[in-house]
Amino acid sequence: MGFRVKRKKRASKMQIVRQARALFARQFREFRDVPGSCVYQAAALVQVGREHGRRIIVQAGSAFWRRLPVEVADWVENTAWGYEYDPSTFPDQFVSVVPTREAHLSGRSNLPMEIHVWCAQPDTDEIIDITTGGWPRACEMIGGLDWPGPKPPDYLWKRAGTQPEGGIYCVDPDATRRAHDAVNEVIAHWDAGIQIVPTGGHP
């Protein structure tokens, strides 16, 4: 008589997002609502993905979401709000995402003040951003602007190749390389039991 092996049910996207957010909240505690945490939320998503056997990787560059209603003309100032990656405009404005002096001096964890970090799952050709629900609040806190138009989704998990409705994501190879190194540093510090306090600057 044979034994039937019960196959473990694959975690849903919502479960992975919830677990990533829970990990992020544990690591940040009272700092979890501070804007400027996209790299740490991406690190949490990568870590949780590994635990579930999903290959989730980091992407970074520029990203924008439309904050005004669609009936407002595109040429109106601040129609969209977001983060534009252009290190040539701020060559000295880099911050370390981990607190140790060694990491800061190595430069591996240094990111410019203006960058957005999200994730992708290559085997399903999907992009993932678990920060989107917090964009209107970050827009108000950082930019001093309200968000009268449709809000971004609580999280974004969609097929790559087309832009999300109301949003634009532009991957930059240099930004992605920097973010990849930074995320690895963050996870290494988490594994070592070091809590990281965000400095702010990007969502």
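**Close-up views of a predicted model**

**Figure 1. Asp123 in its loop.** Asp123 sits in the loop between S5 and S6. The model shown in these views is predicted. Asp123 counts as exposed because its relative accessible area is 60%, and exposed means over 50%. The side chain of Asp123 makes a polar contact of 3.2 Å with the side chain of Gln121. Arg55 lies 68 residues from Asp123 in sequence, yet the two C-alpha atoms are 7.7 Å apart in space.

**Figure 2. The second largest cavity and its lining.** The structure holds 2 cavities of 30 Å³ or more. The second largest has a volume of about 30 Å³. Its lining includes Cys38, Gln41, Ala42 and Leu45. Val117, Trp118 and Cys119 are also among the lining residues. So are Ile128, Asp129, Ile130 and Thr131. Three elements each supply at least two residues of this lining: helix H2 (38-51), strand S5 (116-121) and strand S6 (126-129). H2 gives the largest share, 4 residues.

**Figure 3. Helix H5 from end to end.** Helix H5 covers residues 173-191, 19 residues in total. At 1.5 Å a residue, H5 should span 27 Å. The C-alpha atoms at its ends are 27 Å apart, so the model agrees with the expected span. At the start of H5, a side-chain oxygen of Asp172 comes to within 2.9 Å of the backbone nitrogen of Asp174. Just after H5, Gly193 adopts a positive phi of about 80 degrees.

**Figure 4. Buried residues of H5.** Ala175, Thr176, Ala179, Ala182 and Val183 are among the buried residues of H5. Glu185, Val186, Ile187, His189 and Trp190 are buried too. An α-helix has 3.6 residues a turn, so residues three or four places apart point the same way. The buried set in H5 includes charged Glu185 as well as Trp190.

**Figure 5. The chain as a whole, for context.** The protein chain has 5 helices and 8 strands. Along the sequence, the pattern is α-α-β-β-β-α-β-β-β-α-β-β-α. Of the 203 residues, 45% are buried. Among contacts between residues at least 6 apart in sequence, 74% join residues at least 24 apart. The accessible surface of the chain comes to about 11200 Å². Carbon and sulfur atoms account for 52% of that surface.

Key:
Residues numbered from 1 in each chain as written. Predicted model: local features only at pLDDT ≥ 70, side-chain atom pairs only at ≥ 80, totals over all residues. Heavy atoms only, no water. Expected span 1.5 Å × (residues − 1). Buried < 20%, exposed > 50% of the residue type's maximum accessible area, 1.4 Å probe, protein only. Polar contact = N/O pair within 3.5 Å; in protein donor to acceptor, adjacent residues only side chain to side chain. Contact = heavy atoms within 4.5 Å. Areas by Shrake-Rupley, 256 points an atom, 1.4 Å probe, with all protein chains shown as cover. 1 Å grid on protein atoms, 1.4 Å probe; cavity = no way out; pocket = protein on both sides within 12 Å on 5 of 7 lines; lining within 4 Å. Points joined across faces, edges and corners; volume = space filled by probe spheres on them.
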